[in-house]
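Here are a few short exercises to work through with the model open beside you. Try each task before you read its solution.

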Amino acid sequence: MASSCVSYEGCNFFRQRLVLSTLSGKPVKIRKIRSKDDNPGLRDFEASFIRLMDKITNGTRIEINETGTTLYFQPGLLYGGPVEHDCNLQRSIGYYLEALLALAPFMKNPLKAVLRGVTNDQKDPSVDTLKATAIPLMKRFGIDGEGLELKVLRRGMPPGGGGEVVFSCPVRRFIKPVQLTDPGKVKRIRGMAFSVRVSPQIANRIVDSARSILNQFIPDIYIYTDHMKGANSGKSPGFGLSLIAETTNGTFLSAEMASNPPGQGTPILPEELGKNCAKLLLEEIYRGGCVDSINQSLALLYMTLGQQDVSKVLLGPLSPYTIEFLRHLRSFFQTMFKIETQKPEEDGKGGQKVLMTCVGVGYTNLSKTLK
């Protein structure tokens, strides 16, 4: 088996490599992880991610050298079941959740993961945005039913965290191919402005300023305010906004912003945050496509693993993360996508779109057959 080991250098795209290694069953070796840094090797949040991968699999072998600059990861079987994990506070729960979204349908037992840590920060997709965009996307690929849900029990802002979410997902024997080529027109905008350990009035100020921009674009806007109190509000103060545009064809495009952690950077006014987030959403709508930027790689993964049939998805401009993900898909699954750029429509609406086509590898969930 050692011959088919996939090797990489550096700490980039760390999660992609471990997730694809686990799905393909190919071991992966990553060398020179921050070997030039003053503080070389794996960071705490990466070590925490490896522990999470170990919890959801059975028989995974992990070897790390003394300095933490080389990692050998030989994946076991995806086992699932109930899992609890305290995520490292350097990254938000979204960092860990994105990997679980990719792996959960292929477990032996339905996954029920309780993750604790930071729910909203400025680096990773927040739990709210993943709930509003990734979950509907999974349903499109036939991953749905009773068990699929993502709940925010407590919010936690950096640096203290203290948030808690529950993600549960049913297992699937296979993933169905999709044809998502017409995103449709934006029909409504929904959002959620949250505030923890600050005045609840802040959330209302965010809503008013976001609406001042979005109302020029569409009348059907509803932004909830979520002010969690007491133990449910985590350990640090903060506020933020998550916006979702929904189209006539059931596409969800998202944008979000969170306030700076106390003592880091200049404090941002709620009004500014609301306006900036609204502009980000308009930019995401301009980019367009049937899947928003943060979920591009999830959609491409499901397309790759789908039944042996053609899947097509229209995306907005590919993010650098997605482009690297395509390279990784080729290394682990030998999948090549046909990529056709499409000119924006005549009336000059929207950015340049990319039509992604591939034939699924017919990935079946082996552990589901062995009862």
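A quick reminder before you start: this is a predicted model.

**Exercise 1.** Find which residue shares a side-chain polar contact with threonine 119, and decide whether threonine 119 is buried or exposed.

*Solution.* Begin with the side chains: those of threonine 119 and asparagine 120 are joined by a polar contact of 2.7 Å. Next, place the residue: threonine 119 sits in the loop between strand S8 (109-117) and helix H4 (127-140). Now take the accessibility. Buried means under 20% relative accessible area, and threonine 119 has 0%, so it counts as buried. Finally, look at its surroundings: leaving aside residues up to four places away in sequence, threonine 119 touches residues including Ile93, Ser126, Arg154 and Glu164.

**Exercise 2.** Work out how many residues of helix H3 are buried.

*Solution.* Step along residues 93-103: eleven of the eleven are buried, so helix H3 is largely enclosed by the rest of the structure. Among them are Ile93, Tyr95, Glu98 and Leu103.

**Exercise 3.** Trace the strand order of the open four-stranded sheet and identify its edge strands.

*Solution.* The order is S1-S2-S5-S4, with mixed pairing. The edges are strand S1 (6-9) and strand S4 (61-64), each of which pairs on one side only. From one strand to the next, the twist averages 10 degrees. Further in, S2 and S5 run antiparallel and are joined by three bridges, with lysine 29 opposite tyrosine 72 in S5. To finish, add helix H8 (residues 320-333), which lies across S1 and S2 and runs at about 150 degrees to S1.

Conventions
Residues numbered from 1 in each chain as written. Predicted model: local features only at pLDDT ≥ 70, side-chain atom pairs only at ≥ 80, totals over all residues. Heavy atoms only, no water. Helix = DSSP H or I, 4+ residues; strand = E, 2+ residues; numbered from the N terminus. Buried < 20%, exposed > 50% of the residue type's maximum accessible area, 1.4 Å probe, protein only. Polar contact = N/O pair within 3.5 Å; in protein donor to acceptor, adjacent residues only side chain to side chain. Contact = heavy atoms within 4.5 Å. Pairing = 2+ DSSP bridges. Axes fitted to C-alpha atoms, helices over the stretch in contact; angles between N-to-C directions.
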